[in-house]
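Biologist: Could you take me on a close look at one part of this model, the second largest pocket? I'd like to know which helices supply its lining and what those helices are like.

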Amino acid sequence: MRIPTADDFHALEEWGLVENPHAAIDDYSAERERRRDENDRHRCARREQVENASERFVADSQSYYRELDRPIDRTKWTYLKRRKAWFQPPVGWERFAAPGTSRVLDLGCGDGDQTERVAEFVAGRWQAAGYDGFPLEIVGVDLSDSRVENARRHAQSPHGKITLRFESGDAVSGLDYADDFFDYTLAMGLFEVLDDADAEAVLDELARLTAHGVYVRDVLDDYPGLSPRPDLADRLADRGFDPVDRHECFEEPFVTEGSRDPLAVWPMNVHQVLFAAARDPPARADRY
Ligand SMILES: C[S@@+](CC[C@H](N)C(=O)[O-])C[C@H]1O[C@@H](n2cnc3c(N)ncnc32)[C@H](O)[C@@H]1O
């Protein structure tokens with residue numbers, strides 16, 4: 001990926017996410033998904049993603065991420081933050097901004113760009129309501145020390161009452177937090193990189209750590225080393241988190257030919273986005 005220019009950022013602005021952060025949900029249809037293969041760039045990018053899959057990632061995603069050493073340039077970080085906003089719409093995030101929330105976990109937070117987006121979403125809701133907010137801690141945890149370092153370097157809190165914290169941790173072996181420590185947990189692109197045994201362990205850990213609700217974004221297309229799980233909502237329901245909202249969306253705005261992403265970062269994959277709420281949340285007195 002080259003360093004994005006002002007024109008590239010301008011092109012992203014035209015996707016209309018400021019006016020409608022959920023635009024990707026309106027843009028998707030099963031009929032468009034059937035027509036995706038008419039898109040030359042998508043077909044070509046898909047073939048390249050399959051052919052260029054890292055052997056180390058395919059063999060063992062966990063050691064791949066643990067050993068990753070990839071500092072990221074700030075302009076690329078900012079571009080990717082805005083670029084990913086298309087396929088990680090803020091479904092259910094208004095709950096994070098409601099009084100009663102104190103801690104949110106971004107599990108598998110990567111470079112922290114989406115963690116910052118979550119903080120900006122909450123600050124924006126407060127501001128729109130003329131509300132001064134409440135102390136809120138958003139914690140990003142990732143297996144990759146290099147990515148945690150990127151997150152610490154680049155992500156900033158947009159509001160005096162919101163604290164962003166980043167730490168290394170392995171969601172498969174478990175995190176050092178009490179049961180129900182977090183009100184909400186997000187897992188964006190985490191399950192897709194896990195094999196089935198690890199995904200089950202992380203689902204258990206996520207359910208243990210989370211009191212009220214879970215947001216997941218995960219790929220539904222098949223790629224070497226990735227594991228699409230269309231039944232993720234059922235697996236969350238088995239653990240007491242009932243899906244209240246589930247959508248599919250494309251990785252970028254649908255066009256029949258070419259791409260609307262000037263940097264053509266990814267193929268036009270299909271993702272699922274879901275928010276699941278705890279069926280029987282713990283009483284506040286039992287948590288604090
Ligand atoms: C596809 S990236 C998504 C990153 C970020 N959530 C985003 O939306 O940009 C998957 C991330 O999951 C992290 N990850 C993989 N296995 C993990 C584990 N066992 N515990 C914590 N993080 C993990 C990887 O290091 C990587 O940063």
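Modeller: Sure. Three helices each give at least two residues to the lining of the second largest pocket: α1 (6-13), α7 (74-84) and α8 (113-128). Keep in mind that this is a predicted model. In total 15 residues line the pocket, and L17, V18, A85, R117 and E120 are the ones that lie nearest its centre. The volume comes out at about 510 Å³. If you sort the lining by character, you get 10 nonpolar residues, five charged ones and no polar ones.

Now let's walk along α8. It has 16 residues, and at 1.5 Å a residue it should span 22 Å; its end C-alpha atoms are 22 Å apart, so the two values agree. Why 22 Å from 16 residues? Because the expected span is 1.5 Å times one less than the number of residues. R117, one of the residues nearest the pocket's centre, is also among the buried residues of α8. The others on that buried list are D113, Q114, T115, E116, V118, A119, F121, V122, A123 and W126. What do they pack against? The partners of these buried residues are α7, β1 (103-107), β2 (136-142), α9 (145-154), β3 (162-168) and β4 (182-188). So α7 turns up twice here: it helps line the pocket, and the buried residues of α8 pack against it. Just after α8 comes G130, with a positive phi of about 65 degrees.

Over to α1. Its buried residues are D8, F9 and L12. Seen down the helix axis, they fall within an arc of 100 degrees, so they line one face of α1. The face turned away from that buried side carries the exposed residues A6, D7 and E13. And α7 comes up again, since it is included in what covers the buried residues of α1.

While we're on backbone angles, β3 brings us to one more spot. D180 lies in the loop between β3 and β4, and both of those strands are packing partners of the buried residues of α8. D180 isn't a glycine, yet it has a positive phi of about 55 degrees. Is it buried, exposed or partly exposed? Its relative accessibility is 21%, so it counts as partly exposed; the buried label needs a value under 20%.

Terms used
Residues are numbered from 1 along each chain as its sequence is written. This is a predicted model: local features need pLDDT of at least 70, side-chain atom pairs count only at pLDDT 80 or more; totals for chains, interfaces and linings use all residues. Side-chain values use heavy atoms; hydrogens and water are left out. On a 1 Å grid over the protein atoms alone, a cavity is a set of points where a 1.4 Å probe fits but cannot get out, and a pocket is an open set with protein on both sides within 12 Å along at least five of seven lines; lining residues have an atom within 4 Å of a point. Grid points are joined across faces, edges and corners, and a volume is the space filled by probe spheres set on the points. Helices (H or I, at least four residues) and strands (E, at least two) are DSSP runs, numbered from the N terminus. Ala, Val, Leu, Ile, Met, Phe, Trp, Tyr, Cys and Pro count as nonpolar, Asp, Glu, Lys and Arg as charged, and the others, Gly among them, as polar. Buried means under 20% relative accessible area, exposed over 50%, partly exposed in between (1.4 Å probe, protein chains only). Contact means heavy atoms within 4.5 Å. The arc is that of the directions from the helix axis to the C-beta atoms.
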